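Got your viewer open? Load the model, switch to a cartoon view, and follow along one selection at a time.

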Amino acid sequence: MPRILIIEDEMPLRNALTDLLQAQGYRVITAADGAIGLERARTESIDLLLLDVMLPQLDGYSLCTEVRRASPALPILMITAKGRVDDRVTGLDSGADDYLVKPFSSRELLARVRALLRRCEHAAAAVETLTFADVTVDFVKQLCTRRGERVTLTPKEFGVLKLLAEHAGKPVSREQFLETVWSYNAYPTTRTVDNQILSLRTKLEADPANPRHLMTVHGVGYRLEMTEP
């Protein structure tokens, strides 16, 4: 199920949103201030950000700008008591996809969450090719080449690369790999993911011991860097 990060400093509302979203089957991560929220947005594997504007440490507008710079495709829904037109314009200009003014109904919030996730799913489904360094991957034809020479990949390796491509620049957790590529019914372990990444590095990285594209995110999983660091 999708993972949602809630950044909200008011504990009663944060808890209520957590309960509401978990009851719908979503996995929820929370933060109570902007600084912690930004760190979690950078390191956690999330599918949607639910963001308050008036936050301690770092305001929601600045946080949204930072997150959008690092994760251009991440859906961001702002929730705030600041409902003037200028406030909404500022929120959207800072990178938010949608803006919901407090107080709001649970039904409307859930509808907006579903709409943003659908939009993201459609964009992810459109990933048909991947190119980085001297590697080209065609997911439709299940064809991978490096320096123009064909590289043999297993179906699972194609699946791992596709998931990374769908979340380019963002960390993907080992659990998300297991859920999406293997399905939990197969009873794999997180070590299975590590072995697949190791194999892909051997096949696709110029220096597998010092990868530049299939990067480890310590304590989380892995991230795809499209350009040279």
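First, the naming: helices (H or I, at least four residues) and strands (E, at least two) are DSSP runs, numbered from the N terminus. This is a predicted model, where local features need pLDDT of at least 70 and side-chain atom pairs count only at pLDDT 80 or more, while totals for chains, interfaces and linings use all residues. Residues are numbered from 1 along each chain as its sequence is written, and side-chain values use heavy atoms, with hydrogens and water left out.

**The whole chain**

Select the protein chain and spin it around. You have eight helices and 12 strands on screen. The radius of gyration is 19 Å, close to the 17 Å that the globule rule gives for 229 residues, so the chain is as compact as a globular protein of that length. (That radius is taken over C-alpha atoms, and the rule is 2.2 Å times the number of residues to the power 0.38.) Along the principal axes, the C-alpha atoms fill a box of roughly 55 × 35 × 30 Å.

Now colour by accessibility. Buried means under 20% relative accessible area, exposed over 50%, and partly exposed in between (1.4 Å probe, protein chains only). By that yardstick, 46% of the 229 residues count as buried. Colour by charge next: there are 29 positive and 31 negative side chains, and the centres of the two sets lie 3 Å apart. Lys and Arg count as positive and Asp and Glu as negative, with His and the chain ends not counted; each charge is placed at NZ of Lys, CZ of Arg, CG of Asp or CD of Glu.

**Stop 1: β1 and its neighbour**

Select residues 3-7, which is strand β1; five of its five residues are buried. Which residues sit on each face of β1? R3, L5 and I7 are on one side, I4 and I6 are on the other, and all of them are buried. In a regular strand the side chains alternate between the two faces of the sheet.

Add residues 27-31 to bring in β2, which pairs with β1 in the parallel sense over five bridges. Two strands count as paired if DSSP finds at least two bridges between them. Look for I7, which stands opposite A31 in β2.

**Stop 2: Q24**

Slide back to Q24, in the loop between α1 (11-23) and β2. Q24 is partly exposed, at 43% relative accessibility. Leaving aside residues up to four places away in sequence, Q24 touches M1 and L110, where a contact means heavy atoms within 4.5 Å. Try a C-alpha to C-alpha distance from Q24 to L110: the two are 86 residues apart in sequence and 8.8 Å apart in space.

**Stop 3: backbone oddities**

Most residues other than glycine have a negative phi, and most peptide bonds are trans. Here are some places to check against that.

- Select Q57, in the loop between β3 (48-52) and α3 (60-70). Its phi is near 75°, a positive value in a residue other than glycine, and Q57 is exposed, with a relative accessible area of 65%.
- Jump to P103, in the loop between β5 (98-101) and α5 (106-125). The peptide bond from K102 to P103 is cis, with omega near -10°.

**Stop 4: two hairpins sharing β8**

Show residues 135-138 (β7) with β8; the pair is antiparallel over four bridges. T136 has T145 as its bridge partner in β8. This hairpin has four residues between the strands, and Q142 takes a positive phi near 55°. Which face of β8 is covered and which is uncovered? C144 and R146 make up the covered face, L143 and T145 the uncovered one.

Carry on to β9, joined to β8 by two bridges and running antiparallel to it. R146 has E149 as its bridge partner in β9. Two residues separate the strands of this hairpin, and R147 in the turn has a positive phi of about 55°. R147 is exposed, with a relative accessible area of 61%.

**Stop 5: the three-stranded sheet**

Finish on an open sheet of three strands in the order β10-β12-β11, with antiparallel pairing. β10 (172-173) and β11 (214-217) stand at the edges with a single partner strand each, so one side of each is left without a neighbour in the sheet. Zoom in on β10 and β12 (residues 221-224), which pair over two bridges; V172 has Y222 as its bridge partner in β12.
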